[in-house]
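Hi,

Here is the model I promised to pass on. Have a look at it first, and my notes follow below.

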Amino acid sequence: MPAAQTSAFALHVEAAKRLLEELELHADSAMNAIGRESGTEFFAAVDERDRILEELDAVVDALAHARAIAGPGPRGGVEPSLLNDMARAATAALESQEKLLLRTRQERDRLADALQATKRTDTVASHYAAASTAGRPQTFSVTG
């Protein structure tokens with residue numbers, strides 16, 4: 001790969017690494033926001049992750065284009081350390097994504113359980129309500 005293409009490729013790799021690191025940070029932000037009273041912070045972090053993923057998609061396209069221009073060869077003249085660094089950043093971003101998914105599912109299940117609990121009859125309250133009305137007269141008087 002010519003030097004200009006190598007430096008362009010290296011710039012794209014650095015941009016991808018930066019975006020992957022940002023993606024990991026926003027996964028942490030989203031996890032920290034789960035379970036708070038307002039979902040505003042969580043949704044803001046998720047929206048930011050979506051924006052980063054769109055930007056990362058463009059960088060990956062640029063990387064693929066640069067690699068296609070380089071032609072055949074084991075790495076097209078690209079430093080293996082560049083690719084290894086990017087692979088490490090991608091692995092960390094994927095791990096943070098898995099943690100976020102797990103934490104989000106746990107919160108969803110917790111909220112579903114809480115919602116189901118509100119639909120169940122409280123046996124103790126029902127018992128006291130029945131006992132408290134048992135001794136009252138069952139007639140209705142308009143005059144008192």
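Before anything else, a word on contacts: here a contact means heavy atoms within 4.5 Å. Keep in mind that this is a predicted model, where local features need pLDDT of at least 70, side-chain atom pairs count only at pLDDT 80 or more, and totals for chains, interfaces and linings use all residues. Residues are numbered from 1 along each chain as its sequence is written, and side-chain values use heavy atoms, with hydrogens and water left out.

**The overall picture**

The protein chain has four helices and zero strands, so read from the N terminus its elements go α-α-α-α (helices are DSSP runs of H or I with at least four residues, strands are runs of E with at least two, and both are numbered from the N terminus). Of the contacts with a separation of 6 or more, 77% are between residues 24 or more positions apart. Buried residues account for 22% of the 144 residues; buried means under 20% relative accessible area, exposed means over 50%, and partly exposed is in between, with a 1.4 Å probe and protein chains only. The accessible surface adds up to about 10000 Å², and carbon and sulfur atoms own 58% of that. Those areas come from the Shrake-Rupley method with a 1.4 Å probe, and for residues only the protein chains shown count as cover.

**Between the helices**

Which residues does Ser 96 touch, once those up to four places away in sequence are set aside? They are Glu 24, Ala 27 and Met 31. Ser 96 itself sits in helix H3, which spans residues 80-119, and it is buried because its relative accessibility is 5%.

Ile 52, in helix H2, is worth a click too. Its relative accessible area is 0%, so it counts as buried. Apart from neighbours within four places in sequence, Ile 52 is in contact with Leu 19, Glu 22, Leu 23 and His 26. Its C-alpha atom is 8.2 Å from that of Leu 20, although the two are 32 residues apart along the chain.

Ser 29 belongs to helix H1 and is partly exposed, with a relative accessible area of 36%. From Ser 29 to Ala 44 the C-alpha distance is 9.3 Å, with their positions 15 residues apart in sequence.

**Salt bridges**

How many salt bridges does the structure hold? Twelve, where a salt bridge is a side-chain nitrogen of Lys or Arg within 4 Å of a carboxyl oxygen of Asp or Glu.

One of them joins Glu 22 and Arg 51, whose closest N and O atoms are 3.7 Å apart. Glu 22 is in helix H1 and Arg 51 in helix H2, so this pair ties together parts that lie 29 residues apart in sequence. Arg 51 is partly exposed, at 34% relative accessibility.

Arg 51 also meets Glu 48 in a salt bridge, at 2.6 Å from N to O. Those two are three residues apart in helix H2, so about one helical turn separates them. Glu 48 has 24% relative accessibility and therefore counts as partly exposed. Zoom out a little and you'll find a network of salt bridges linking Arg 18, Glu 22, Glu 48, Arg 51 and Glu 55.

Another salt bridge pairs the side chains of Lys 17 and Glu 14, at 3.0 Å from N to O. Both are in helix H1 (residues 3-33), three residues apart, so they are separated by about one helical turn. Is Lys 17 buried or exposed? At 12% relative accessibility, Lys 17 counts as buried, whereas Glu 14 is partly exposed at 37%.

**A charged patch**

Last item: Asp 47, Asp 50, Glu 54, Asp 57 and Asp 61 gather on the surface in a patch of negative charge. Patches take residues with over 30% relative accessible area and no salt bridge, joining like charges within 9 Å and nonpolar side chains (Val, Leu, Ile, Met, Phe, Trp, Tyr) within 5 Å. Lys and Arg count as positive and Asp and Glu as negative, while His and the chain ends are not counted. Each charge is placed at NZ of Lys, CZ of Arg, CG of Asp or CD of Glu. Within the patch, Asp 50 is found in helix H2 (residues 40-70) and is partly exposed, at 40% relative accessibility.

Cheers
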